[in-house]
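New to this one? Take a look at the sequence and the model first, and then we'll walk through it together.

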Amino acid sequence: MTALDPVRDVAAPKQRTDWGAVRAIMRRDLAAVTRSKAVMLPMLLVPLLMLVLLPMSVALAANGSALDVTKILNMLPGRLAEPISLVPNNEQLIILVLGYLVAPLFLIVPLMVSAVLAGDAFAGEKERKTLESLLHLPIRDRDLYIGKLLVSFIPSVAVSWLGYLLFCVVANASAWPVMHRAFMPTRLWAVVILWIAPAVAAVGLGIMVRVSIRANNTQEAQQLGGAVVLPLVVLAVAQTTALMLSGIRLTFLAGCAIWVVAIWLNVRGARAFTRDRMAARL
Amino acid sequence: MGERDLVIDCEALTRSFPAGVALDALTLDARPGEVLALLGPNGAGKTTTMRLLNGVLLPDSGRASVLGLDPWTQGEELRRRTGVLTENAGLDERFTALENLEFVGRLRGMTEQAARKRGMDLLERFDMGHRADVRVQGFSTGQRKRIALARALLHDPELLFLDEPTSGLDPAATRDVVDLIGSLAADHGRTVVLCTHFLGEAGKLASRMAVLFRGVLHAFGTPGDLAAELWSRFEVRLDLGAPAAPPLIAALTSLPHVHEAVATERGAIVFTSARDDVPSVVAACVRERSTVFGVDPRDPNLEDVYFALEAQAARSRSTPAPDLVGAFSAEVPS
Ligand SMILES: Nc1ncnc2c1ncn2[C@@H]1O[C@H](COP(=O)(O)OP(=O)(O)O)[C@@H](O)[C@H]1O
Ligand SMILES: [Mg+2]
């Protein structure tokens with residue numbers, strides 16, 4: 001009955017997630033997002049650029065002139081260049097770029113999509129001034145958090161996976177005149193898409209949730225988030241490229257490390273996500 | 001009435017923010033079926049009180065029981081039985097009026113159909129049925145308030161919190177909403193907590209009033225209890241085209257409920273006891289053969305009091321904060 005009791009929350013019996021409430025939140029946010037151009041446009045444009053236009057132009061380049069990649073390969077440490085030096089010369093550009101270099105870049109897709117969606121789901125409530133009335137509804141802090149998290153996470157993974165399917169089709173089709181076979185998907189890509197991409201999406205979420213609680217509107221959240229996320233992207237892309245070239249095992253382990261960070265960020269985010277804290281920042 | 005029957009029962013409720021104390025040891029109660037007004041200027045702590053009582057904010061200290069529940073450990077259970085109209089209607093512009101209600105209905109465990117049906121009924125009752133399937137973007141403040149009110153009533157709550165329900169409304173919309181609230185309170189014994197800075201609105205609707213100023217409760221009681229002090233001077237401005245002549249002033253002063261009449265450049269200011277005295281004031285003018293161009297009855301506004309208090313506080317910094325109720329009977333600066 002008394003006020004602030006620091007142990008109260010911990011001592012309270014663990015209550016089960018109310019999936020009905022979680023679903024209601026998710027359905028509403030999903031419906032809202034599909035009606036918002038500011039969210040849909042970047043969500044569709046970036047994957048389109050990266051996953052359709054990029055493979056097409058690389059394939060065209062490989063087909064048109066005999067671009068020599070041996071120079072690039074020579075710059076790499078011997079062990080790293082090995083998987084590519086083994087394939088025929090005219091296939092090297094395609095394998096190097098589409099098989100290796102694009103994959104880490106591709107991680108921008110889940111990161112960006114999850115950041116845009118989480119910004120809309122968390123900071124967007126504040127910007128649209130709908131947060132206060134939401135807090136007055138009978139939904140537990142944790143269920144609200146779960147709903148918002150899933151509605152950002154699931155679409156970003158879905159967009160990544162569908163985007164990758166599209167990428168495979170476009171890459172195989174446009175590289176056909178050179179390769180004469182379907183070379184996508186590769187095992188390495190499978191690790192990146194199935195294992196690393198969701199982890200990266202979760203990292204983007206974890207960061208955006210923290211940032212969104214502080215920010216007053218989506219734009220501010222995106223800016224703050226971008227400042228944190230962009231250096232990470234550069235780092236991750238560089239690291240992943242090197243790791244991918246050195247083999248599937250290390251790539252998988254890198255994914256594990258990203259998952260650890262993602263889980264840590266999200267557990268902390270869930271703790272920070274309390275009604276009182278949100279109401280105090282209305 | 002026993003303690004158990006109280007809908008709201010709170011004691012020494014205190015909450016501060018980094019900027020300072022928003023609510024200082026608030027003690028009050030609400031009885032079943034009553035309209036309780038929280039009255040005070042901006043920053044008085046009305047919204048904070050409402051958030052605390054609905055378990056949205058945690059207090060620094062104090063205790064409360066709302067509908068027999070502890071708002072801070074049984075918040076979800078409590079919020080299932082309360083409805084809130086926030087000051088900013090808080091509708092999602094990307095959805096239609098009905099969709100905004102449906103979402104809340106589903107969150108409150110209603111089926112989609114039940115939520116639609118109940119939502120439509122309420123929208124029709126509030127004269128918004130024809131706009132049910134239109135996106136909220138571009139709706140007027142009055143329309144938004146009515147949709148938000150429908151949303152707050154979707155589950156037929158036992159306790160209704162209304163935060164500044166008429167702020168931003170034009171006079172006609174204000175009257176509509178005030179009438180609406182009056183009828184809601186009459187619905188099967190529902191208890192209503194009304195936060196407002198309009199004395200008139202509180203006077204019209206509330207069975208009891210809590211007057212807050214800078215987070216401190218200054219007066220708490222029925223309008224009857226407070227009226228003597230709060231409404232001892234009801235100001236009416238008369239536009240007579242010219243200063244009121246001494247015989248008219250004398251005639252006005254001699255009326256039963258008139259405390260004072262003062263001539264002004266264009267007529268007179270008359271201080272009466274209540275709005276009901278206005279007709280007799282006008283009749284007196286007519287009897288004295290004055291031409292009445294305009295009558296402007298001025299509801300006492302807390303802003304006036306706020307400025308009066310600020311001025312008083314500035315004059316004597318060392319003295320404690322003046323009593324708000326006392327300040328009401330002090331002359332209101334014009
Ligand atoms: N979330 C908050 N953070 C900081 N200060 C706040 C917050 N909410 C309210 N306050 C302060 O507390 C006081 C009371 O605010 P509020 O309850 O909103 O008053 P009212 O609703 O009567 O206008 C004000 O001085 C306000 O600035
Ligand atoms: Mg307020």
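What follows is a set of questions and answers about this predicted model.

Q: How many helices and how many strands does chain A have?
A: Reading along the sequence, you meet one α after another in chain A, with the pattern α-α-α-α-α-α-α-α-α-α-α-α-α. The tally for chain A is 13 helices and zero strands.

Q: What percentage of the residues of chain A count as buried?
A: Chain A has 282 residues. A residue is called buried when its relative accessible area is under 20%. By that cut-off, the buried share of chain A is 52%.

Q: Is A:V113 buried or exposed?
A: Start with its place: A:V113 sits in helix α7 of chain A. Its relative accessible area is 0%, and the cut-off for buried is under 20%. So A:V113 is buried.

Q: How far apart in space are A:V113 and A:P47, C-alpha to C-alpha?
A: Along the sequence, 66 residues separate A:V113 and A:P47. In space, their C-alpha atoms are 9.2 Å apart.

Q: Which helix supplies the largest share of the lining of the second largest cavity?
A: The whole structure has four cavities of 30 Å³ or more, and the second largest holds about 90 Å³ of space. Its lining includes A:A121, A:F122, A:L144, A:I213 and A:M278. Three helices of chain A each give at least two lining residues: α7 (108-127), α9 (141-179) and α10 (187-214). The largest share, four residues, comes from α7(A).

Q: How many residues in the lining of the second largest cavity are charged?
A: Among the residues around this cavity are A:E125, A:K126 and A:K148, along with A:S212 and A:F273. Sorted by type, the lining has seven nonpolar residues and one polar residue, and the number of charged ones is three.

Q: Where is A:P185 found, the residue whose peptide bond from A:M184 is cis?
A: The bond from A:M184 to A:P185 has omega near -5 degrees, and it is cis. As for its place in chain A, A:P185 is in the loop between α9 and α10.

Q: Which residues of α6(B) are exposed on the other side from the buried ones?
A: Over in chain B, helix α6 (residues 171-186) has 16 residues and reaches 23 Å from its first C-alpha to its last, close to the expected 22 Å. Its buried residues are B:A173, B:V177, B:V178, B:L180, B:I181, B:L184 and B:A185. Seen down the axis of α6(B), these fall within an arc of 160 degrees, so they line one face of the helix. The exposed ones on the other side are B:P171 and B:A186.

Q: Within what arc do the buried residues of α4(B) fall?
A: Helix α4 (residues 112-125) of chain B has 14 residues, which should span 20 Å at 1.5 Å a residue, and its end C-alpha atoms are indeed 20 Å apart. On one side, B:Q113 and B:K117 are exposed. On the other, the buried residues of α4(B) are B:A115, B:G119, B:L122 and B:L123. They line one face of the helix because, seen down its axis, they fall within an arc of 100 degrees.

Q: Which residue's side chain makes a polar contact with the side chain of B:E235?
A: B:E235 is in strand β10 (residues 234-239) of chain B. With a relative accessible area of 5%, B:E235 is buried. At 2.8 Å, the side-chain partner is B:R237.

Q: What distance separates the C-alpha atoms of B:V295 and B:V236?
A: B:V295 lies in strand β13 (residues 294-298) of chain B, and it counts as partly exposed at 34% relative accessibility. Along the chain, B:V295 and B:V236 are 59 residues apart. Their C-alpha atoms are separated by 6.9 Å.

Q: What is phi of B:R214, in degrees?
A: B:R214 lies in the loop between β8 and β9 (216-221) of chain B. Its relative accessibility of 45% makes it partly exposed. Although B:R214 is a residue other than glycine, its phi is positive, near 50 degrees.

Note on methods: Residues are numbered from 1 along each chain as its sequence is written. Chains are lettered from A and ligands numbered from 1 in the order in which they are written. This is a predicted model: local features need pLDDT of at least 70, side-chain atom pairs count only at pLDDT 80 or more; totals for chains, interfaces and linings use all residues. Side-chain values use heavy atoms; hydrogens and water are left out. On a 1 Å grid over the protein atoms alone, a cavity is a set of points where a 1.4 Å probe fits but cannot get out, and a pocket is an open set with protein on both sides within 12 Å along at least five of seven lines; lining residues have an atom within 4 Å of a point. Grid points are joined across faces, edges and corners, and a volume is the space filled by probe spheres set on the points. Ala, Val, Leu, Ile, Met, Phe, Trp, Tyr, Cys and Pro count as nonpolar, Asp, Glu, Lys and Arg as charged, and the others, Gly among them, as polar. Buried means under 20% relative accessible area, exposed over 50%, partly exposed in between (1.4 Å probe, protein chains only). A polar contact is a pair of N or O atoms within 3.5 Å; within protein, one must be able to donate a hydrogen and the other to accept it, and residues adjacent in sequence count only if both atoms are side-chain atoms. The expected span of a helix is 1.5 Å times one less than its number of residues. The arc is that of the directions from the helix axis to the C-beta atoms.
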